[in-house]
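Here is a quick tour of one protein chain, written for someone who likes to have the coordinates open while reading. Keep the viewer handy and follow along.

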Amino acid sequence: MEHAEEWFKEERMTTPFSSVQVKPDWEEFVACIRRKGTPRRVHYIELFLDGEVQQAIGKRFNVWDGLDPADPAHVAKGQVRLQRFLGYDYVRQGLDDLYFPLKSSTSEDTASEMPRRGGRNYVSEGKGIVTNWEEFEAYPWPDPAKPSAILSLQWYEKNLPDDMCVIGSGGFGHFAELLTWLMGYETLCYALYDDRALVRAIADKLMEIYTVALQRILQFKRVRALWGSDDMGFKTGTLIAPDDLREFVLPGHKKMAEMTHAAGLPYILHSCGNLESIMEDLIEDVKIDARHSFEDAIEDVRDVKRRDGDRIALLGGIDVDFLCRADEQSIRERVRDTLKVCMPGGGYCLGTGNSVANYIPLNSYLAMLDEGRRFVA
């Protein structure tokens, strides 16, 4: 590979949890997201793997052997190794250090197999860090234009193996989430009645920041898709009224989708919750190309494939709670049936319903991947 460094060795990427080997193919992966026909094999996608999961896989399978922790590119090289090992066609990368300080608290992590040292962090639901105009003016808004923000993207542009791509993601497109996180959910709900101008000011500031961020991300040719992440709902509905989402949140994603499409790339949206009341907006107005995050208690990805699979791609959908509770045989059966329903015509990549959390048994996650490797359309 003409621009890959010598640290990358294909023979290190074998996958001992399956007899079926997978070689990345970003072009077919993107074609699958674009619904350009049934792919030759199953492609995988995840919003992220918790750090504890990554460490457990790296240790069990010696994925990172030979990498120097003192190397400035250690993290990026490790991500390439891990993603290839697991069968992914991409790495996820956005701007470095696009950090929004928040008011939060920590509690003990009760994950039994891979607990998080120091506990889990939760954003305050009551009063956040931006609750009035004085706090808005004093808030240290991140600068997406600083030169150091693109260092990781520059490294991948030069060193990522040719058969992989970058999905522009990570700290990107949190329009609804940051309204909630910055103000506090309770404060936001009051402000939607008492001070909509402040809500508008925050929404406009987020649009300004993310527009510059996306402009910078789209400079890189190795970026072949964009992935906005923005939880908007809960089990039975949206977190704020659909009309408020249409006023303060969906225009941000529409702008991101327009910029992404102008660059010739697909726009993926991750959003947890019941989005039934705004689904037509997302498909017909925002014009998302793919939807991610499915929970059986809300809707099964197989049912959504039958309903919307001719309009958008559906990604993931192996329910997280199911993966936590089910035995290996049940997981394999669920994966096979999901692939039978969702693979035809393209527009489906295998993955969890949300992300690979550290409370999912590691062997359950690996069984899901392995069954995808074995699947024959």
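What follows is a short walk through the sheet, the salt bridges, the cysteines and one valine.

## The sheet

First, a reminder that this is a predicted model. Its seven strands line up as an open sheet, and the order to trace is β1-β4-β5-β6-β7-β8-β9, with parallel pairing. At the edges you'll find β1 (90–93) and β9 (348–349), each of which pairs on one side only.

For a closer look, pick β7 and β8. Residues 290–292 make up β7 and residues 313–315 make up β8, and the two run parallel to each other with three bridges between them. One residue to click on here is Arg291, whose bridge partner in β8 is Leu314.

## Salt bridges

Searching the whole structure turns up 35 salt bridges. Arg196 and Glu247 make one of them, with 2.6 Å between the closest N and O atoms. Arg196 belongs to helix α8 (residues 196–217) and Glu247 to helix α9 (residues 242–248), so this pair ties together parts that are 51 residues apart in sequence. Both partners see some solvent: Arg196 is partly exposed at 30% relative accessible area, and Glu247 is partly exposed at 36%.

Another pair worth a click is Arg336 with Glu371, where the N to O distance is 3.0 Å. Here helix α14 (residues 328–342) supplies Arg336 and helix α15 (residues 362–374) supplies Glu371, so the bridge ties together parts that are 35 residues apart in sequence. Arg336 is partly exposed, with a relative accessible area of 31%, whereas Glu371 is buried at 7%.

## A salt-bridge network

Which residues are linked in a network of salt bridges? They are Glu280, Glu284, Arg291, Glu299, Arg307, Asp308 and Arg311. Arg291 is the β7 residue we met above, bridged to Leu314 in β8.

Within this network, Arg311 and Asp308 bring their side chains together at 3.4 Å, N to O. Asp308 is buried, with a relative accessible area of 3%, while Arg311 counts as partly exposed at 27%.

## Cysteines without partners

How many disulfides does a search of the whole structure find? The count is zero. Take Cys189: the closest cysteine sulfur belongs to Cys272 and sits 18 Å away, so a bond is ruled out by distance. A disulfide would need the two sulfur atoms within 2.5 Å.

Cys272 tells a similar story, because its closest cysteine sulfur, in Cys324, is 14 Å off and too far for a bond. As for surroundings, Cys189 is partly exposed with a relative accessible area of 28%, and Cys272 is buried at 17%.

## Val42, a buried loop residue

Now for a residue outside the helices and strands. Val42 is in the loop that connects α1 (26–33) with α2 (51–61). Is Val42 buried or exposed? Its relative accessibility is 4%, so it counts as buried.

Who is in contact with Val42, once neighbours within four places in sequence are left aside? The list is Leu339, Met343, Leu350, Gly372 and Phe375. Of the helices already visited, α14 (residues 328–342) and α15 (residues 362–374) are worth displaying alongside these contacts. Gly87 gives another reference point: 45 residues separate it from Val42 along the chain, and their C-alpha atoms are 9.6 Å apart.

Notes:
Residues numbered from 1 in each chain as written. Predicted model: local features only at pLDDT ≥ 70, side-chain atom pairs only at ≥ 80, totals over all residues. Heavy atoms only, no water. Helix = DSSP H or I, 4+ residues; strand = E, 2+ residues; numbered from the N terminus. Buried < 20%, exposed > 50% of the residue type's maximum accessible area, 1.4 Å probe, protein only. Contact = heavy atoms within 4.5 Å. Salt bridge = Lys/Arg side-chain N within 4 Å of Asp/Glu carboxyl O. Pairing = 2+ DSSP bridges.
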